[in-house]
Amino acid sequence: MKIPLSYVARNLWARRLTTALTGAGLALVVFVFATVLMLDEGLRNTMVTTGEYDNVVLVRRGAETEVQSGIDRMQANIVASHPAIARDAAGQPWLSKETVVLISLIKRDSDQPSNVIIRGIAPHALTLRPQVKLTAGRMFHPGASEIIAGASIARRFNGAGIGEKIRFGQREWTVVGLYDAGNSGFDSEIWGDADQLMPAFRRNAYSAMVLRLADSRQFDQFKQDIENDPRLTIDAKREQTFYSDQSKALSTFISVLGLILSVIFSIGAMIGATITMYASVANRVGEIGTLSALGFQRRSILAAFLSESMLLAVVGGALGLACASMMQFISFSTTNFQSFSELAFGFRLTAAIIVKTLLFSLAMGGIGGFLPALRAARMPIVDALRAA
Amino acid sequence: MYSLRLIFKNAMRHKLRTGLTVLGLVVAIFSFGLLQTVVDAWYAGSEGASNTTLITRNKTSLVFPLPLSYQARIRAVPGVTGVGYANWFQGVYKDPKNFFAQFAVSGESYLNIYPDYLLPAEERAAFLHDRKGCIVGRKLADQYGFKVGDTIPLKGTIYPGNWELVVRGIYDGRQSSTNTATLFFHWDYVNETVKKIMPRRANQIGVYVVQINQPENAASISAAVDKEFANSLAETLTETEKAFQLGFVSMSEAIVMAIRVVSFVVIIIIAAVMANTMAMSARERLGEYATLKALGFGPAFLALMIFGESMLLALVGAAIGIAILFPFAAFLGKVMGTMFPVFQVSQLTVLLQVVAALTIGAMAAIAPTIRAVRINIVDGLRSIG
């Protein structure tokens, strides 16, 4: 016969202070575990949504980021004439030759400088990135010293708000519009007219090109044509792969750090659960003897104590998860080691993370409670009854 | 003396519980120290910076270069005693995973500014004479097995092409905190090649390294250098090397902050475990406390018993935690290699660990002590734990 769950739950309630302390410890561990997973997921999501699968990015051979890259005008024109590139209504190739550089801006809250990507674009850039939408102000006028800023840059950097001015390249640039790029990496950029930014930075070559193929399946052929052309020193990558490759180091760093922390913390929490459960067993020797005498089997007693520990862990886990879900309202920003520029991303809670977290807390409760439950189950009836 | 023995006996009554609690403390104190060391490793670059070295870079950002012609003009600023320069190279050694810092530097003028790199005189001369030569730090050499005479192939990311460098020397650090995970080679070699393939990018400098006579003059010399190039095509920003390095740290301050917060969270978690243990022990011993009171022992003695036991557990845990941190940090420093060039447990970290343990011990004892002191003798004797 099984021991009812309500008996288990009431046992936890009977020792409220101890239950609360152990539960709080477990909740904190689960909180850390969940936030790290959420952060990694948020970063991955940001970098994947930055690139469109159908877009192709061209950079100089060997370059890993757009900032390192350079494509001169002649090579850009050779690429633009490739027949596989989609054409717009006017018959022009659907591509954007872009110049991408870093400028150092001062953060509003800490007065510390950080590098921000500034991207000079061609008109087609917006149709190539449909996730980018103007939310305030207007688009910059071609030929003017005007720029538009991504939502998270405008919020965090001096001079990047609408109507404000930033000085670089011996000119003042007015922020005339703000855009939202749907939590992608473009939210952490500033955009302007390539034909204005290039002379300001005294650059003659573009940094990179983005284009759309008429038929996405032609990518492999297109890549081969470009990379084998002796006139070109260019690598072609799908835009999505290009950006997710750029966050690999940061993503690995976050997940390794998170893993180590979770392991260390969970050891602490499991010890806490074990101590609590041992005390719980020790306090109830007589009760356990009575249960055995009433005919409950060892298996049932083991199950009762194990489920007590797991219930404790799940309550703690749910509490930790609830706190972690609050983190979704916070945005995290740091410098991406690979692109050497500021990148903002959020904490993202997915169903998979909820399941993983709850399993993690169950496992902690199970492992922590196993030895004490075993001791309870193995207690000889006579000794137990006498001890009481 | 007998009270010490009593404390010890009390602690050993539940060997398993005591053992588990101490283990929990070991884990907490150890991981707290480890995380603090990771944070320290982040700041290592700025800690090792000399206060008589300034860095001059392009005001717009580090990706914009400065003209070579600035060298002579910076040298002419009063108070400047030496000017070297360096370009960040970022080549790939075999696989992008093998990341380590590489700088194309101005040879002798650069090495003179950094006396903390100890290089045997003949290796130094061999490096200066070989245009395709390079020197590598001890840590870097150990990680990849570089020996003098080896050729290191690098695939350029910023400077296209394949570059082959011959190791002419291996330098050691003067202090254990000196970064020896960097490769230095000749700027001239890069520049010659760039001249041929991309003439527009020739004669460009990443940063100037400026040595000054007195640390007190850093601010005025920085201002003088920047004034020299104000309103030119390439305006400069000069700051002390320490500030320059701290700029890098502040770029990832969100991560550093997170690690710091987490290192305190682990202390809180274990404080909860410890408080739990002490609360349970005290609850079981209420009868004894009442007996002690009945025998005439005052509240101060009970407080001494409980605090003593709590502190004993905390300190034993801390001692073991600190003891295992050192070999583990040394091991981790080796594994991480060039990722964290300097990975060392500082004295401050050990001090913080001890303070954290004492705090945990004291906090855990508060609630049980209050309970024991307040207990009425009759109620206590009646209590069955």
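Here is a short chat about a helix pair and two cavities in this predicted model.

Mentor: Residues count from 1 along each chain, chains are lettered from A, and side-chain values use heavy atoms, without hydrogens and water. Since the model is predicted, local features need pLDDT of at least 70 and side-chain atom pairs 80 or more, while totals for chains, interfaces and linings use all residues.

Trainee: What makes helix 11 and helix 12 of chain B a packed pair, and at what angle?

Mentor: Their axes are 10 Å apart at an angle of about 145°. Axes are lines fitted to C-alpha atoms over the stretch in contact, and angles run from 0 to 180 degrees between N-to-C directions. Helices themselves are DSSP runs (H or I, at least four residues; strands are E, at least two).

Trainee: Which residues make the contact?

Mentor: B:Y289, B:L292 and B:K293 of helix 11 touch B:F301, B:L302 and B:I306 of helix 12, where contact means heavy atoms within 4.5 Å.

Trainee: Why is the space of about 110 Å³ called a cavity?

Mentor: Because on a 1 Å grid over the protein atoms alone, a cavity is a set of points where a 1.4 Å probe fits but cannot get out. Its volume is the space filled by probe spheres set on the points, joined across faces, edges and corners.

Trainee: Which residues line the largest cavity closest to its centre?

Mentor: Of 14 lining residues (an atom within 4 Å of a point), those are A:M47, A:I117, A:G185, A:E189 and A:L343. Strand 12 of chain A gives the most, three residues.

Trainee: And which helix gives the largest share to the second largest cavity?

Mentor: Helix 9 of chain A, with four residues; that cavity has about 70 Å³, and B:M280 is among its lining residues.

How values were computed: 1 Å grid on protein atoms, 1.4 Å probe; cavity = no way out; pocket = protein on both sides within 12 Å on 5 of 7 lines; lining within 4 Å.
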